[in-house]
Amino acid sequence: MNPLLTVSNLSYSKKDKSWFGKQEHFRLAPVSFELKAGETMAIMGENGSGKSLLAKLLVGVARPSAGEILLNGESLHDKRQRFQAIRMIFQHSKESLNPALTLGSLLEEPLILNTDLDARERKRKIEETLKLVGMLPEHQYFYRHMLSEGQRQRVAVARALILNPQVLVADEPFAALDPSVRSQTVNLLMKLQRDLGLGFIFISHNLGIVRHISDRILVLEAGQLVESGKTDVIFNWPKSDYTRRLIHAYQALITRDE
Amino acid sequence: MPKSSFYDEEFYPSPVRQTWNEFQRNHIALAGLWCLGFFVLLVLLGPWFLPFGPLAQNTEAILLPPAWDANGDVSHLFGTDGIGRDLLARVVHGCQITFGASFFLVLLAMLVGCSIGAYAGMSRGLRASIINHLLDAIMAIPTLLLAIIIVAILGTGLMNSMWAITLALIPQFIHHTRDMVGREYRKEYVTAARLDGASDARIFFHSILPNMIEMLVVQATMALSVAILDISALGFLNLGAQSPSPELGAMLSDALETAYVAPWSISLPGAAIFLMVLSINLVGDGLRTALKNRVNQ
């Protein structure tokens, strides 16, 4: 089976222009990985280890300094194709939704910009997508402030899914949710991924969720790729000290809870 | 099975509607809005109902007191001035000139200021900082002083004073728009819109502008009261509208000579200016409070 997404030697460095010459500010060392359709990959690491940066590079918010991203073996030169194929779910669903627009017009925006559907087809698509994420078609008349945090997260998912993407990138999609809504969202995403056959890349600090849903794990430390591999292998036989520490810290937290 | 949808029938207030609901709770601001509405009607319809023109002289009724005075006459409801012109007609036409001119110049200043401010807010680097710092420096000078300087260059007259006040008001709009656009531009929903494939112009008009409308309305009301005061002040100083014109400030300076004999010829136009500015400020203040309450909800 061909990989859906191939990332080879992706790196990022920001040059800091100051009075004392140029300085390399922050770097994501070359990272390479492959993602198959229907596969879930988790990105782990401490704060500031470049996880969010990697997500931004993948969806196209930031421009990589080197390396390339291949989708189905083809490079992503066409911006429109990229926006359509790789969609992002933001960490703070509240801030990623425009407060002055109804959900309907919010979800219509990507359709207007990326598809040739007419107004009626767009409306139908919006209603379908809202149903898909477990909301009502009537929610299209709602504004951001009328929704609960879990509903907002669903809208964020709907917004990502509305263009029928192939890869979903999520930056800590579960961080701001309370446990019950979190497990609902996790289950929703897993179900959608299974049904639609998406590649799913997500960032999380919650190793419980990582262990639960991811097939493979990528561990980053200060912009360096520490290790990557199957979830079981990483959790049971971590190769590097850093990963071991991350896992131990998490397990210590759990045992203290009990 | 009949398809019922009770959500469609339920009412969900939009942000603008919510602001209005908040605004309605403030009774003083609501009174200001009524007063402002009265002035707008007066400006639009008033001249049609007046028996006299603003410049027509009635030589038989010079310095006639208002109708409520013992010596007054009901044909001249507000009395007449030193050369027998009907004061009611003059005040109504004066409101028309002062209010109408202020309205249009605020509209123009808002349009220009917002375009430049949006550009400054969305651009980075040297150009943006030149716009920012230069205009912030200009903002330290009061608009009236700035307008006087500009009139000194352009020459006197109502039209020139309007241009001058427009130019003097633009920096405020630029400042507020730039601040707001710059702040909103960094928010995640703009990034999300960009990932939908939206261009910068589309992001501004479809994502940021809907969030800015209320701020613009508040700014516009504040600017409107400043513009009215400035136009009348320039008229009073004989720098703006010139003598026979019934502009409220020019009327005040005309009536100065007869102020002791006919105090009404100065107090009535003055009251008109006062009421206009008061009602606009009440509305503006009410809007600002309503906005703050809505955002903090």
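**Chain B, its contact with chain A, and the sheet of chain A**

Biologist: How many helices and how many strands does chain B have?

Modeller: This is a predicted model. From the N terminus on, the elements of chain B run α-α-α-α-α-α-α-α-α-α-α. Chain B therefore has zero strands, and its helices number eleven.

Biologist: What box do the C-alpha atoms of chain B fill?

Modeller: The box is taken along the principal axes. For chain B, its dimensions are roughly 75 × 60 × 30 Å.

Biologist: What area is buried between chain B and chain A, and which three residues of chain B supply more of chain B's part than any other three?

Modeller: The contact takes 28 residues from chain A and 23 residues from chain B. Between the two chains about 2300 Å² is buried, and carbon and sulfur atoms give 61% of that area. Of the area that chain B buries against chain A, 32% is supplied by three residues, more than by any other three: Glu188(B), Leu195(B) and Asp196(B).

Biologist: How many salt bridges are there between chain B and chain A, and which residue of chain A forms one with Asp196(B)?

Modeller: The count between the two chains is three salt bridges. In one of them the closest N and O atoms are 2.9 Å apart, within the 4 Å that a salt bridge allows. The partner of Asp196(B) in that pair is Arg87(A).

Biologist: Which helix supplies the largest share of the side of chain B that touches chain A?

Modeller: Across this interface, nine residue pairs are in polar contact. On the chain B side, at least two residues each come from α1 (6-9), α2 (15-25), α8 (188-195) and α9 (200-236). The largest share is seven residues, and it comes from α8(B).

Biologist: How do the residues of that side of chain B divide into nonpolar, polar and charged?

Modeller: The side in question is the one of chain B that touches chain A. Its residues divide into five charged, eight polar and ten nonpolar.

Biologist: In the open sheet of chain A, which strands stand at the edges, and why is one side of each left without a neighbour?

Modeller: The sheet has six strands with mixed pairing, in the order β6-β7-β8-β3-β9-β10. Each edge strand has a single partner strand, so one side of it is left without a neighbour in the sheet. The edge strands of chain A are β6 (86-89) and β10 (224-230).

Biologist: Which residue in β8(A) stands opposite Met41(A)?

Modeller: Strand β3 (residues 40-45) and strand β8 (residues 199-203) of chain A run parallel and are joined by four bridges. Opposite Met41(A) in β8(A) stands Ile201(A).

Biologist: At about what angle to β6(A) does helix α1 of chain A run?

Modeller: Helix α1 (residues 51-59) of chain A lies across β3, β6, β7 (167-171), β8 and β9 (216-221). Its angle to β6(A) is about 145°.

Biologist: Which residue in the hairpin of β4(A) and β5(A) takes a positive phi?

Modeller: Strands β4 (residues 66-71) and β5 (residues 74-75) of chain A pair in the antiparallel sense over two bridges. Leu71(A) stands opposite Glu74(A). The hairpin has two residues between the strands, and the residue with a positive phi, near 50°, is Asn72(A).

Biologist: Which helices of chain A does the salt bridge of Arg122(A) and Glu108(A) link?

Modeller: The closest N and O atoms of this pair are 2.9 Å apart. Arg122(A) and Glu108(A) are 14 residues apart in the chain. Glu108(A) lies in helix α3 (residues 103-114) and Arg122(A) in helix α4 (residues 119-132), so the helices linked are α3(A) and α4(A).

Conventions: Residues are numbered from 1 along each chain as its sequence is written. Chains are lettered from A and ligands numbered from 1 in the order in which they are written. This is a predicted model: local features need pLDDT of at least 70, side-chain atom pairs count only at pLDDT 80 or more; totals for chains, interfaces and linings use all residues. Side-chain values use heavy atoms; hydrogens and water are left out. Contact means heavy atoms within 4.5 Å. Buried area is the accessible area (1.4 Å probe) that two parts lose on being put together, summed over both. A salt bridge is a side-chain nitrogen of Lys or Arg within 4 Å of a carboxyl oxygen of Asp or Glu. A polar contact is a pair of N or O atoms within 3.5 Å; within protein, one must be able to donate a hydrogen and the other to accept it, and residues adjacent in sequence count only if both atoms are side-chain atoms. Ala, Val, Leu, Ile, Met, Phe, Trp, Tyr, Cys and Pro count as nonpolar, Asp, Glu, Lys and Arg as charged, and the others, Gly among them, as polar. Two strands pair if DSSP finds at least two bridges between them. Axes are lines fitted to C-alpha atoms, for helices over the stretch in contact, and angles run from 0 to 180 degrees between N-to-C directions.
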